[in-house]
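Student: I have a new structure open and don't know where to start. Can you walk me through it?

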Amino acid sequence: MFKAQMRLMIKSNQFLFALTAMIAFVTLGFILNCVSFFGSDIVAVPMANLLTVFNKSSLDMSFSIFSLTFPLFAAVGFSDSFFTERKSHITDICLLRRSVNSYYFSKLLTVFVSGLLIMLIPLLINFIVCIITFPAFSTSVGSSASALNLSAYKNEEASVIFQSLFVKHPYLRSLLSLTLVSFTGGLAAAVTYQFSFFYSRSRIILLISFFAVYNFLGLILENFGYGKYSLSNNIFFGNRRSLASESTLAALMLIMILTVIVTIPFAKRKMNELI
């Protein structure tokens, strides 16, 4: 059943659209960086990992746009598949041939993989292309992309998340950020899929649900001085000191995973009602 769901996902126009849109977006971010530093002295160009679209220290608007919209791209791919199949009564036919567990868990896993791939493939392409094009290491300490945010040193609680990797292995740290963003994309799609069992009115509202909650909570936390608990501030690494921490990041990841796990019995109960 999982193989069948994966084939359905790969052939889905929505998945292909979301993946293509993400690749086009990261390509545009890369081109903007190339234009920005065209003709510049090599010592003025920041190191490659700071110019990826998922790095918080990126010089152009690509990071700002990506950090706000990535849950939407992840959800669009395949997370509404149960919603659409229920509307078209395909679910009824599937449940005549497969058990509820087989259908439900294969689709849940496929939805997670769809969100993960929509993030992972474009971001990995962007990361590799930046490494090939821009310098691996740079002495451009005066630019906002590579200089530490010295004002943050006034706050004794501020630190650099994954500090050891930041100092010794900056590219491994960037890969860790890439992995976390991709994993979060998979979880965003899975949470949206779970929500589809309890909401069946508007497909658009379903698809933007996680995106809306993610940005609303981030805005509220920032405005009330609790930005260190924002998901965006924890999964996107910059080279600036902040209040984000490994423990907060782990807690946020655990909350998202538990959101999916805790809703499983209730989602299966909803599916059983269709039989």
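Student: How many helices and strands are there in the chain?

Tutor: The chain has twelve helices and zero strands. Keep in mind that this is a predicted model.

Student: How confident is the predictor, then? What is the mean pLDDT of the chain?

Tutor: The mean pLDDT is 83, and 87% of the residues reach 70 or more.

Student: Where does pLDDT stay under 50?

Tutor: That is the stretch of residues 141–157. The model still has 27 contacts beyond four places in sequence for those residues.

Student: OK, the chain overall. What share of the residues is buried?

Tutor: Of the 275 residues, 47% are buried. The accessible surface of the chain is about 13,800 Å², and carbon and sulfur atoms account for 69% of that surface.

Student: And contacts? Of those between residues at least 6 apart in sequence, what percentage join residues at least 24 apart?

Tutor: The figure is 80%.

Student: Switching to the inside. Which residues touch the most other members of the largest nonpolar core?

Tutor: They are Phe66, Phe70, Tyr104, Leu123, Val181, Ile235 and Phe236, out of 64 residues in that core. Helix α6, residues 100–133, gives the most to this core, with twelve residues.

Student: Why would nonpolar side chains be buried together?

Tutor: As a general point, that is a tendency of nonpolar side chains in soluble globular proteins.

Student: Take Tyr104. What is Tyr104 in contact with, leaving aside neighbours within four places in sequence?

Tutor: Tyr104 is in contact with Tyr193, Gln194, Phe197, Ile264, Ala267, Lys268 and Met271.

Student: That has some aromatics in it. How many aromatic pairs are found in the whole structure?

Tutor: The search finds 17 aromatic pairs. There is also an aromatic cluster formed by Phe25, Phe63, Phe66, Phe70, Tyr214 and Phe236. Phe66, Phe70 and Phe236 are also on the list of core residues that touch the most other members.

Student: Does Phe25 come up elsewhere? I mean, which residues does Ser62 touch, not counting residues up to four places away?

Tutor: Ser62 touches Phe25, Gly29 and Val53. Ser62 is in helix α3, residues 62–76.

Student: Is Ser62 buried or exposed?

Tutor: Ser62 counts as buried, because its relative accessibility is 5%.

Student: New topic. How many disulfides are there in the whole structure?

Tutor: Zero.

Student: Why is Cys34 not bonded to Cys130?

Tutor: The sulfur of Cys130 is the closest cysteine sulfur to that of Cys34, but the two are 7.7 Å apart, so they are too far for a bond. A disulfide would need the sulfurs within 2.5 Å.

Student: And are those two cysteines buried or exposed?

Tutor: Cys34 is partly exposed, at 28% relative accessibility. Cys130 is buried, with a relative accessible area of 0%.

Student: One more. Where is Asn49 found?

Tutor: Asn49 is in the loop between α2 (13–36) and α3. Asn49 counts as buried because its relative accessible area is 4%.

Student: What does Asn49 touch, not counting residues up to four places away in sequence?

Tutor: Asn49 touches Asn55, Phe127, Pro170, Tyr171 and Ser174. In addition, the C-alpha atoms of Asn49 and Ile131 are separated by 7.0 Å, with the two residues 82 apart along the chain.

Key. Residues are numbered from 1 along each chain as its sequence is written. Side-chain values use heavy atoms; hydrogens and water are left out. Helices (H or I, at least four residues) and strands (E, at least two) are DSSP runs, numbered from the N terminus. Buried means under 20% relative accessible area, exposed over 50%, partly exposed in between (1.4 Å probe, protein chains only). Contact means heavy atoms within 4.5 Å. Accessible areas come from the Shrake-Rupley method with a 1.4 Å probe; for residues, only the protein chains shown count as cover. Rings of Phe, Tyr and Trp (its six-membered ring) pair if their centres lie within 6.5 Å; planes under 30 degrees apart count as stacked, over 60 as edge-to-face and the rest as tilted. A nonpolar core is a set of buried Ala, Val, Leu, Ile, Met, Phe, Trp, Tyr and Cys residues joined through side-chain atoms within 4.5 Å. pLDDT is the predictor's confidence in each residue, from 0 to 100.
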